[in-house]
Amino acid sequence: MNSKHQYVELNDGHFIPRLGFGTYKPQEVPNSKTIEATKIAIEAGFRHIDCAYAYQVEEEVGLAIRSKIADGTVKREDIFYTSKLWSTFHRPELVQSCLEKSLKKLNFDYVDLYLIHSPMELKPGEELFPKDENGKTIYDHVDLCAVWEAMEKCKDAGLAKSIGVSNFNHRQLEMILNKPGLKYKPVCNQVECHVYHNQRKLLDFCKSKNIVLVAYGALGTQRDKQWVDQSSPVLLDDPVLGALAKKHKRSPALIALRYQLQRGVVVLAQSFKENEIKENIQVFDFELTAEDMKDLDDLNRNYRYLAAEFGADHPNYPFADEY
C-alpha cells in the first residue's frame, strides 16, 4: 500500500493517501459497526481515515485505529486521520476546544488533517443542529477569515499537521486565499463529488491554487433518510457505470472510485460490508481509458444528494453559486 503513486503531496509538504475510508454512518447503524468496519479497512490496506466531530463516532474510530496499532498492523504515523470542526464551534475562541474534544475521544495527540466542516456557522452549544421553537435552525455570525486564523493556531500548536476546508465554494476559498496576513493556505477542499456532480469547475479552480479536491459521496452517498431524497437516482445502478464495470471486470463502485483518481481527486470510499471494503482498495489495479473517462464525464448533471437544505437561507450557504 505504500508505493509513492498512492499519495498526493499537499501544499504544506505533507502527503495524503489518494484513497480514504469514510466513517460517516446513518443513525440507525449501530456504533459497533464503525469499530468493526474501520478495523477491516485498516487490515485491507486503507491508511487514510476520514471522520468528524459531528459524525459522533470518533471514540469508535479511535478505538479501532488504536487496536490496529496495538496488534502491530500499523503505527500511528502510518495512519492519515482527518477530523472536522463542527459549525457550532466557529467562534475563534471555540475552535481549538472542538479539536481537543475530538482528540480526547480518539485518544490521539494530533490529527493529520483538520477541516472546517462547513462554511455555515450555527449557534454555539451542545446541539449539533440548534433549532428555535418553530424548528428552524439557529445560525451564528462569524467571519470565515477569523475561523481560519483560529485553524492556523491549531496547526501552530501541533494539534493538526495540516488544515483545510470542506463544502466551500470557490468564492469562499478565494476569501481565505486573499486574506491579509494569511499564514497557511487550505491544503484541500472536501466536497460532494461523483459522476452525477463531477465538480469540474471547482476542481479546475482548486488545481490552479494547488489545493487538493477530496471527494465524498463518490459512490452516491449512503442515502441516509435524514438527508437524502429517497427517490433520487441510485448512482451505482447507472447503466454507463454498469457497462464499464463489465468491460473492466470490476464493480460499478470501483469504476466510480477510479474515475476520481484519474482526475487527480483524492477519493473517500464508505462501506460497512467486509467484501466491499476489501474490493474498494483494488482501485489501483486497473486503468480507465480516455474514452471511458469521457463517457463518465458525460454523466454529469450537477446533481447533489446532500444539498444541506437546512441552511439554504444562511448567508454563507455554499451551494447557490455555480461552483
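These legends accompany several views of a predicted model, beginning with the whole chain and moving on to single residues.

**Figure 1. The whole chain, with its ten helices and ten strands.** Let us start with the overall picture. The C-alpha trace spans about 55 × 45 × 40 Å along its principal axes. For 323 residues, a compact globule would have a radius of gyration near 20 Å, and the 19 Å of this chain agrees with that. Buried residues account for 56% of the 323 residues. Of the contacts between residues at least 6 apart in sequence, 74% join residues at least 24 apart.

**Figure 2. The surface and charges of the chain.** About 13,900 Å² of the chain is exposed, and carbon and sulfur atoms supply 49% of this area. If you turn to the charged side chains, you will find 42 positive and 47 negative ones. The centres of these two sets lie 3 Å apart.

**Figure 3. The span annotated as a domain, residues 18-300.** An unreviewed UniProt entry gives this stretch the annotation "domain: NADP-dependent oxidoreductase". In the model, the span is 38% helix and 14% strand. Its end C-alpha atoms lie 22 Å apart.

**Figure 4. A close-up of His 117, listed under "binding site" in an unreviewed UniProt entry.** This histidine is found in the loop that runs between strand E6 (111-116) and helix H4 (144-156). His 117 counts as buried because its relative accessibility is 11%, below the 20% limit for that class. What is His 117 in contact with, once its neighbours within four places in sequence are left aside? The list comprises Ala 52, Ala 54, Tyr 55, Lys 84, Leu 85, Trp 86, Ser 166 and Asn 167.

**Figure 5. A close-up of Thr 221, in the loop between strand E9 (212-216) and helix H7 (239-248).** Is this residue buried or exposed? With 19% relative accessibility, Thr 221 counts as buried, since the class takes in values under 20%. Leaving aside neighbours within four places in sequence, Thr 221 is in contact with Val 228, Tyr 305 and Leu 306.

**Figure 6. Two loop residues with positive phi, Asn 107 and Gln 199.** Neither view shows a glycine: Asn 107 has a phi of about 65 degrees, and Gln 199 has one of about 55 degrees. Asn 107 sits in the loop between helix H3 (92-106) and E6. Gln 199 is placed in the loop between strand E8 (188-192) and helix H6 (200-208). As for their surroundings, Asn 107 counts as exposed at 54% relative accessibility, whereas Gln 199 counts as buried at 6%.

**Figure 7. A close-up of Asn 178, in the loop between helix H5 (170-177) and E8.** Asn 178 has a relative accessibility of 55% and therefore counts as exposed, the limit for that class being over 50%. Cys 145 makes a handy reference point in this view. How many residues separate Asn 178 and Cys 145 in sequence, and what is their C-alpha to C-alpha distance? The two are 33 residues apart along the chain and 9.6 Å apart in space.

Technical notes:
Residues numbered from 1 in each chain as written. Predicted model: local features only at pLDDT ≥ 70, side-chain atom pairs only at ≥ 80, totals over all residues. Heavy atoms only, no water. Helix = DSSP H or I, 4+ residues; strand = E, 2+ residues; numbered from the N terminus. Rg over C-alpha atoms; globule rule 2.2 N^0.38 Å. Buried < 20%, exposed > 50% of the residue type's maximum accessible area, 1.4 Å probe, protein only. Contact = heavy atoms within 4.5 Å. Areas by Shrake-Rupley, 256 points an atom, 1.4 Å probe, with all protein chains shown as cover. Lys, Arg positive; Asp, Glu negative; His and termini not counted. Charge placed at Lys NZ, Arg CZ, Asp CG, Glu CD. UniProt positions renumbered as here; feature names shortened; annotations may be inferred.
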